[in-house]
Amino acid sequence: MKTINFFKFTMTAISCVMALTMTACSDDDDNTPQLKFSTNKIEMAAGNDSVIIVKGGSAPYTATSTNSEIVTATTQGDSIIIAAVKDGTATIQVTDHAKLTGSISIEVKADATLTPDKDQVSVSVGQESTVTIKDGTAPYAATSKDAATATATVKDNTVTIKGVKVGTTQVVITDKDNKTVTVSVTVK
């Protein structure tokens with residue numbers, strides 16, 4: 001008889017512990033999908049632009065700044081174009097067509113320097129021109145705001161810009177510390 005009562009007591013105790021464990025764990029997991037980005041944090045200098053690519057989600061996207069006096073944001077396809085206005089911090093809130101959200105932290109600093117050897121490039125269709133990065137922290141990345149007009153590739157500290165069709169665009173160069181600089185491109 002004592003064995004049966006001990007068995008009932010033990011099983012009841014185990015059941016209670018399992019119920020508490022299941023209840024406690026069910027609220028811990030937040031499986032709400034969120035938008036992903038090519039980077040979630042950027043440091044940039046005032047007057048520069050940066051392009052962030054949305055990974056996942058469905059266009060059209062909306063992007064709003066928590067402080068438009070510091071940074072502004074516009075969307076173009078799967079790209080969020082961030083313009084640094086003045087020193088400070090802000091967050092860019094991004095929402096897609098299905099109401100998925102995500103955020104990008106921005107810090108605008110006066111000491112954020114990334115210096116190319118030229119800030120304007122003129123190139124013919126099918127031809128290439130190079131921009132040498134003089135300051136900043138490698139590795140570097142370069143993104144054309146309009147790849148249909150010009151493309152950009154990086155090797156070491158050299159950005160190669162190739163003209164695709166007649167027009168103008170900008171190439172945004174980013175370093176390891178997410179510092180950015182913009183080069184204006186004219187394709188003839």
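How many salt bridges does the count come to? In this predicted model, the count comes to two salt bridges. Side chains of opposite charge can pair when their charged atoms come close. One salt bridge is formed by the side chains of aspartate 49 and lysine 145, at 2.7 Å from N to O. This pair links distant parts of the chain, for aspartate 49 belongs to strand β3 and lysine 145 to the loop between β11 (141-144) and β12 (150-155), 96 residues apart. Buried means under 20% relative accessible area. Aspartate 49 is therefore buried, at 18%, and lysine 145, also with 18% relative accessibility, counts as buried.

The other salt bridge is formed by the side chains of lysine 86 and glutamate 69, at 3.8 Å from N to O. Lysine 86 lies in the loop between β6 and β7 (88-95), and glutamate 69 in the loop between β4 (62-65) and β5; 17 residues separate them. Lysine 86 counts as partly exposed, with 42% relative accessibility. Glutamate 69 is exposed, with a relative accessible area of 53%.

The strand β3 that holds aspartate 49 also takes part in a sheet. Strands of a sheet pair through backbone hydrogen bonds, either parallel or antiparallel. Here four strands make an open sheet in the order β1-β3-β6-β5, with antiparallel pairing. The edges are β1 (36-37) and β5, each with a single partner strand, so one side of each is left without a neighbour in the sheet.

The sheet can be followed from β1 onward. Two bridges pair β1 with β3 in the antiparallel sense, and lysine 36 has lysine 55 in β3 as its bridge partner. Strand β3 (residues 49-55) is in turn joined to β6 by five bridges, and the two run antiparallel. In this pairing valine 51 stands opposite isoleucine 81 in β6. Six bridges then join β6 to strand β5 (residues 71-76), again antiparallel. Glutamine 76 has serine 79 in β6 as its bridge partner. The hairpin of β5 and β6 has two residues between the strands, and in this hairpin glycine 77 takes a positive phi near 65°.

Why is strand β6 (residues 79-84) described as largely enclosed by the rest of the structure? Five of its six residues are buried, so the surrounding structure largely encloses β6.

In soluble globular proteins, nonpolar side chains tend to be buried together. The largest nonpolar core in this model has 20 residues, and those with the most contacts inside it are Val71, Ile80, Ile82, Ile92, Val94, Ile104 and Ile106. Two or more residues of this core come from each of β2 (41-44), β3, β5, β6, β7 and β8 (101-108). Valine 94 can serve as an example. Apart from its neighbours within four places in sequence, valine 94 is in contact with Leu35, Phe37, Tyr61, Thr62, Ala63, Ile80, Leu100, Thr101, Gly102 and Ile104. A second, separate core of 17 residues includes Leu114, Tyr140, Val159 and Val171.

Next comes the largest pocket, which holds about 170 Å³ of space. It is lined by 13 residues, of which Ser38, Thr39, Val51, Ile52 and Thr174 are the closest to its centre. Valine 51 is thus the residue that stands opposite isoleucine 81 and also one of those closest to the pocket centre. β3, β11 and β14 (167-174) each supply at least two residues of the lining. The largest share, four residues, comes from β3.

Some backbone angles also deserve a look. Most residues other than glycine have a negative phi, and most peptide bonds are trans. The bond that joins alanine 59 and proline 60 is a cis peptide bond, with omega about 5°, and proline 60 has its place in the loop between β3 and β4. Lysine 99, a residue other than glycine, has a positive phi near 70°. Lysine 99 lies in the loop between β7 and β8 and is exposed, with a relative accessible area of 67%. Aspartate 156 is not a glycine either, yet has a positive phi of about 55°. Aspartate 156 is found in the loop between β12 and β13 (158-163) and is exposed, with a relative accessible area of 63%.

Conventions. Residues are numbered from 1 along each chain as its sequence is written. This is a predicted model: local features need pLDDT of at least 70, side-chain atom pairs count only at pLDDT 80 or more; totals for chains, interfaces and linings use all residues. Side-chain values use heavy atoms; hydrogens and water are left out. Buried means under 20% relative accessible area, exposed over 50%, partly exposed in between (1.4 Å probe, protein chains only). Two strands pair if DSSP finds at least two bridges between them. A salt bridge is a side-chain nitrogen of Lys or Arg within 4 Å of a carboxyl oxygen of Asp or Glu. A nonpolar core is a set of buried Ala, Val, Leu, Ile, Met, Phe, Trp, Tyr and Cys residues joined through side-chain atoms within 4.5 Å. Contact means heavy atoms within 4.5 Å. On a 1 Å grid over the protein atoms alone, a cavity is a set of points where a 1.4 Å probe fits but cannot get out, and a pocket is an open set with protein on both sides within 12 Å along at least five of seven lines; lining residues have an atom within 4 Å of a point. Grid points are joined across faces, edges and corners, and a volume is the space filled by probe spheres set on the points.
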